[in-house]
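Please look through the sequence and the structure shown here before reading on. The paragraphs below then lead through it step by step.

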Amino acid sequence: MSLDRRGFFKLAGLIAAGTAGATALPAIDQGHQAGPEPVPSHALHGKRWAMVVDLAVCRQHPGCHACIDACNTAHNIPQIPDPRHEIKWIWEEPFDNAFPSKKTPFIKPELAAGPVLLLCNHCDNPPCVRVCPTQATWKREDGVVMMDWHRCIGCRYCMAACPYGSRSFNWVDPRPYITHINPDFPTRERGVVEKCDLCQERLAIGKPPLCVEACPYQALTFGDLADEHAPVRKLLDERISIRRKPSLGTEPQVYYLV
Amino acid sequence: MYDAGKIVPGLVLFLAVVTFPFWLNVANGTSSAAPKLELPKGYTRCVEATPVMRATHMELLNRWRDLAVRHANRVFTNSNGQRYVRSLTGTCLGCHRDKKQFCDRCHGYMGVTPYCWNCHVAPKGGAQ
């Protein structure tokens, strides 16, 4: 055997290089094509999406939960009896809880009566985004505060940062608490934070958020605040509107008509 | 090389012991028992050619995930210029309706457990 130490390593190196070369795989779908990326032409595009909730309409229909039910069903939101584990995307709270800074005695009784519809405010200056260590949540260019559940590590910093309680944590596996799973939308798993995503999956196919569509009384209006002819702008021009905790500087983009 | 008389037989013996399971499979005729996948009926081709999909579907899906979720970039143009929506549940599972007879067979054989299904809902399979 005439193979010396040097020759042995050379041979070993060659064999290793050959093996690695043979297993190299072709790269596919790098995400950039020759031309501009095709976008579904029917997607809704906006510069600053916002939601306007007409509390006066909601007050006229106590007990109506059409928007909440539609959202819960479509987004596979579990109904967990234990309030410590509950998952909320759109829900109701008493007026005083929704607007703690507006709490005042002798307020016009009808204003303080009846629950207020709450959802993620899709803030212009979202504190949840600032604190997320993995960029699992971020503000899209159209204003949607989006989540990538694939990337959420469940640290719950965002929940601590959100002043509106809009985020929920999956303490338990949610699937057993979903009566009818909608196969077109993922569920979440234990250890992931979730919240309203302004139905970005519907915006992508040219539809408004489901709660807007589900309301039988048109209490919810969705639109682009950057478009001065949008119905949301008209409503805000004509009616008195309030927002939740505006003094915090988060610039919430859900407006309530009183 | 010193002591080649001991080292070379030693190496041969070592290789024989390490590769014993493979030889045993060859002897039993089970070495080529690759999983048999049930392809969706009525479809002839996937979004890319079969060898590409077989080797790199996991990379493709990771790409699709990031582009669709993080960049709202949902239209995929394949190497033939055909366009598909980047969607696991919409596009992939639209044809591959039986996870047990397709995904699971290979994943089980390879001993991998992708966690796609912790959240994404597998179709009931069979029907359609």
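**Chain B and the cores**

In chain B, buried residues make up 12% of the 128 residues, and this, like everything that follows, is read from a predicted model. The radius of gyration of chain B is 21 Å, whereas a compact globule of 128 residues would have one near 14 Å. Taken along the principal axes, the C-alpha atoms of chain B fill a box of roughly 65 × 35 × 30 Å. Chain B holds five helices and two strands, and along the sequence these follow the pattern α-α-α-β-β-α-α. Among the contacts in chain B with a separation of 6 or more, 55% are between residues 24 or more positions apart.

Turning to the interior, the largest nonpolar core has 51 residues, and those with the most contacts inside it are Val53(A), Ile90(A), Leu117(A), Leu119(A) and Leu220(A). Strand β1 of chain A, residues 49-54, gives the largest share of this core, with five residues. A second, separate core has seven residues, including Val47(B), Leu60(B), Trp64(B) and Leu67(B).

Leu117(A) can be followed further: leaving aside residues up to four places away in sequence, Leu117(A) touches Val53(A), Cys58(A), Cys67(A), Ile90(A) and Glu92(A). Val53(A), for its part, stands opposite Tyr256(A) in β10(A), and β1(A) pairs with strand β10 of chain A, residues 254-257, in the parallel sense over four bridges. Strand β9 of chain A, residues 241-242, is joined to β10(A) by two bridges, and these two strands run antiparallel, with Ser241(A) standing opposite Leu257(A) in β10(A).

How values were computed:
Residues are numbered from 1 along each chain as its sequence is written. Chains are lettered from A and ligands numbered from 1 in the order in which they are written. This is a predicted model: local features need pLDDT of at least 70, side-chain atom pairs count only at pLDDT 80 or more; totals for chains, interfaces and linings use all residues. A nonpolar core is a set of buried Ala, Val, Leu, Ile, Met, Phe, Trp, Tyr and Cys residues joined through C-beta atoms within 7 Å. A residue is buried if 20 or more other C-beta atoms lie within 10 Å of its own, exposed if 12 or fewer, and partly exposed in between; C-beta atoms are placed from the backbone. Two residues are in contact if their C-beta atoms, placed from the backbone, lie within 7 Å. Two strands pair if DSSP finds at least two bridges between them. The radius of gyration is taken over C-alpha atoms; the globule rule is 2.2 Å times the number of residues to the power 0.38.
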